[in-house]
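Thanks for making room for this on the agenda. Please bring the model up on your own screens, and I will talk through it residue by residue where that helps.

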Amino acid sequence: MSAQTLALVYTALSALPGVMHAAVSLGAPVGRYTVGGRFPGRLPPAWRAMALVQLGLLLAMSCAVLDRGGALALDLPPFVFWLALAMTGLTTIANNISPSRPERLLWGPVTLGMTIAAIGVATGGILQ
């Protein structure tokens with residue numbers, strides 16, 4: 001796959017937790033799928049506000065990956081992509097060691113796919 005295709009895959013995958021963070025911020029009772037399942041229903045207001053911050057980070061990370069992959073021309077400095085890749089990797093680890101089984105089962109594979117796609121973008125694409 002080309003780096004551009006992998007950047008689009010990353011962005012498509014990041015839309016999944018993005019939709020969840022948007023829903024959480026609006027009060028959807030899906031707390032067991034985030035923050036380690038600490039709040040099984042609706043998150044408290046401060047945590048719902050943090051979901052909006054996470055949504056913004058996902059958007060920024062997607063823009064960095066799209067820029068690096070050549071799918072979006074933002075001319076960002078290279079460190080922005082590497083920061084997005086590092087954050088994606090750390091998110092993958094956090095989701096896969098979460099005490100919440102639903103969070104591990106749902107977001108573990110999604111963020112792993114995001115990490116693999118971002119690594120593919122970093123290397124200029126794979127299987128070309």
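A search of the whole structure, which is a predicted model, finds 2 aromatic pairs, where rings of Phe, Tyr and Trp (for Trp, its six-membered ring) pair if their centres lie within 6.5 Å, and where planes under 30 degrees apart count as stacked, over 60 as edge-to-face and the rest as tilted. Phe39 and Trp47 form a tilted pair, with 5.7 Å centre to centre and 55° between the planes. Phe81 and Trp82 form an edge-to-face pair, at 5.1 Å centre to centre and with 75° between the planes.

Is Phe81 buried or exposed? Phe81 counts as buried because its relative accessible area is 2%, given that buried means under 20% relative accessible area, exposed over 50%, and partly exposed in between, with a 1.4 Å probe and protein chains only. Its partner Trp82 has a relative accessible area of 41% and is therefore partly exposed. In the tilted pair, Trp47 is also partly exposed, at 31% relative accessibility.

Before going further, a word on conventions. Because the model is predicted, local features need pLDDT of at least 70 and side-chain atom pairs count only at pLDDT 80 or more, while totals for chains, interfaces and linings use all residues. Residues are numbered from 1 along each chain as its sequence is written, and side-chain values use heavy atoms, with hydrogens and water left out.

Trp47 brings us to the surface, since Trp47, Met50, Val53 and Leu57 make a nonpolar patch of about 340 Å². Patches are built from residues with over 30% relative accessible area and no salt bridge (a side-chain nitrogen of Lys or Arg within 4 Å of a carboxyl oxygen of Asp or Glu), joining like charges within 9 Å and nonpolar side chains, that is Val, Leu, Ile, Met, Phe, Trp and Tyr, within 5 Å. The areas come from the Shrake-Rupley method with a 1.4 Å probe, and for residues only the protein chains shown count as cover. Leu57, a member of that patch, sits in helix α2, residues 45-69, and is partly exposed because its relative accessibility is 38%.

Turning to the fold, the chain has 4 helices and 0 strands, taken as DSSP runs (H or I of at least four residues for helices, E of at least two for strands) and numbered from the N terminus, so that the pattern along the sequence reads α-α-α-α. The radius of gyration is 15 Å, close to the 14 Å that the globule rule gives for 128 residues, so the chain is as compact as a globular protein of that length; the radius is taken over C-alpha atoms, and the rule is 2.2 Å times the number of residues to the power 0.38. Along the principal axes, the C-alpha atoms fill a box of roughly 45 × 25 × 20 Å. Of the 128 residues, 37% count as buried, and the accessible surface comes to about 6900 Å², of which 73% belongs to carbon and sulfur atoms. With contact meaning heavy atoms within 4.5 Å, 61% of the contacts between residues at least 6 apart in sequence join residues at least 24 apart.

Three buried helix residues show how such contacts run. Ala51, in helix α2, is buried at 2% relative accessibility and, leaving aside neighbours within four places in sequence, is in contact with His21, Val24 and Ser25. Asn95, in helix α3, is buried at 8% and, not counting residues up to four places away, touches Glu103, Arg104, Trp107, Gly108 and Thr111. Gly120, in helix α4, residues 101-122, is buried at 3%; with the same exclusion, Gly120 touches Leu6 and Gly125, and its C-alpha lies 9.1 Å from that of Gly69, 51 residues apart in sequence.

Finally, the backbone. Most residues other than glycine have a negative phi. Which loop holds Val35? Val35 is found in the loop between α1 (3-25) and α2, and has a positive phi of about 40° although it is not a glycine. Asp75, in the loop between α2 and α3 (78-96), likewise is not a glycine and has a positive phi, of about 55°; at 72% relative accessibility, Asp75 counts as exposed.
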